Amino acid sequence: MRPEQQQTQQKTGINVAVLVSIGRHPTTGRARRAEQDARGLELALAVAAELPGSQIDLLHAGSKDVDSEAALRGYLGMATDVGMATGVGMGLESMTLLEQPEGSDAILPLVEHLAATSPQLVITGARAERGEGSGLLPYALAEHLGWPLVNSLASIETVENGVVTLLQALPRGQRRRLKVRLPAIISVDEAAPAARQSAFGPARRATFSLVPTSSEADGELAQWHLGPARKRPKRLKIIKAASARDRFKAAASKAEGKGGQVLTDVSPEQGAEAIYKLLKEEDVLR
């Protein structure tokens, strides 16, 4: 086989399924595209730009209403640049919507759809911005499908001969290169590149492909009581010291009194009166 033929064989396109959810703006609470899911779609678009012929399938499990539709269309408007440059943005002309009522468990419908369509790569956010937000969805999908899972993805480097080379984000800015055989599931957090802006026109022209599913109520979520978050207590002052001795000394030292009074050169009667007044203020004497 010639080298150019081998290179052509290695650069074939792949099918990528991107799981998207409804996000929540941290200040206003309005529905929007989820930040981590949008970063996952940005990685999928980068893969499609490198591998002509790739197909991106946007997948959402939930109900469709005015707020959710506006948020989901934020994903559909992200492929304008890729579509015009390489012609691989056709997969974002529609989104597959697994219809299920509010409060349903999304794991089983997603597992059934992924098992039926058999994508080679599944990209999802690390955790949702609404509902439980436990971050267990990628792990549950990997357990049901029997596929490998890589979390905290920073970038997708290459996809060759059924093997994807990934760059995983580690604490303190470190990176680890992994090679995983497809099919696989990867989860994305803030270490991945930021998502591009969404174009209004393509987002409005896109359509939804509705797929009815068998819904099952989420028993864990039904037992929760959701309410506005309370104001968090102030953190204790962090003591920074060079050695353990200095840290122990700072922790064991008493705080300086505030509002005290120093008495010097006073008569015994004045001293006794000041002590009596202090004991009354501290409720020692009643």
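Let's start at the surface: the protein exposes an accessible area of about 18,600 Å², and 51% of that area belongs to carbon and sulfur atoms. Please keep in mind that this is a predicted model. Of the 286 residues in the protein, 35% count as buried. The secondary structure comprises 10 helices and 11 strands. Looking at contacts between residues at least 6 apart in sequence, 71% join residues at least 24 apart.

**The sheet**

Nine strands form an open sheet with mixed pairing, in the order 9-8-7-10-6-1-4-5-11. Its edges are held by strand 9 (175-181) and strand 11 (207-212); each has a single partner strand, so one side of each is left without a neighbour in the sheet. From one strand to the next, the twist averages 30°.

Within this sheet, strand 1 and strand 4 run parallel to each other and pair over five bridges. Asparagine 15 stands opposite glutamine 55 of strand 4. Helix 5 (residues 107-117) packs on the sheet, and its direction makes about 155° with that of strand 4. Here are the strands that helix 5 touches, with their residue ranges where strand 1 and strand 4 are taken from their pairing:

| Strand touched by helix 5 | Residues |
|---|---|
| Strand 1 | 15-19 |
| Strand 4 | 55-62 |
| Strand 5 | 94-99 |
| Strand 6 | 121-125 |

**The largest pocket**

Now for the largest pocket, which has a volume of about 1,300 Å³. It is lined by 44 residues, and the closest to its centre are Ala61, Ala106, Ala128, Arg130 and Gly131. Several elements give two or more residues to this lining: strand 2 (22-24), strand 4, helix 3 (66-76), helix 5, strand 6, helix 6 (137-145) and helix 8 (219-222). Strand 4 provides the largest share of the lining, with four residues. Strand 4 thus appears again here, having already been met as the parallel partner of strand 1 and as one of the strands touched by helix 5.

**A residue in strand 8**

Finally, let's visit threonine 165, which is found in strand 8 (residues 163-169). Is this threonine 165 buried or exposed? Its relative accessible area is 8%, under the 20% cut-off, so threonine 165 counts as buried. Leaving out residues up to four places away in sequence, threonine 165 touches Ile156, Glu157 and Thr158, as well as Arg177, Leu178 and Lys179. Arg177, Leu178 and Lys179 fall within the range of strand 9 (175-181), and strand 9 is listed next to strand 8 in the order of the sheet.

How values were computed. Residues are numbered from 1 along each chain as its sequence is written. This is a predicted model: local features need pLDDT of at least 70, side-chain atom pairs count only at pLDDT 80 or more; totals for chains, interfaces and linings use all residues. Side-chain values use heavy atoms; hydrogens and water are left out. Buried means under 20% relative accessible area, exposed over 50%, partly exposed in between (1.4 Å probe, protein chains only). Contact means heavy atoms within 4.5 Å. Accessible areas come from the Shrake-Rupley method with a 1.4 Å probe; for residues, only the protein chains shown count as cover. Two strands pair if DSSP finds at least two bridges between them. Axes are lines fitted to C-alpha atoms, for helices over the stretch in contact, and angles run from 0 to 180 degrees between N-to-C directions. On a 1 Å grid over the protein atoms alone, a cavity is a set of points where a 1.4 Å probe fits but cannot get out, and a pocket is an open set with protein on both sides within 12 Å along at least five of seven lines; lining residues have an atom within 4 Å of a point. Grid points are joined across faces, edges and corners, and a volume is the space filled by probe spheres set on the points.
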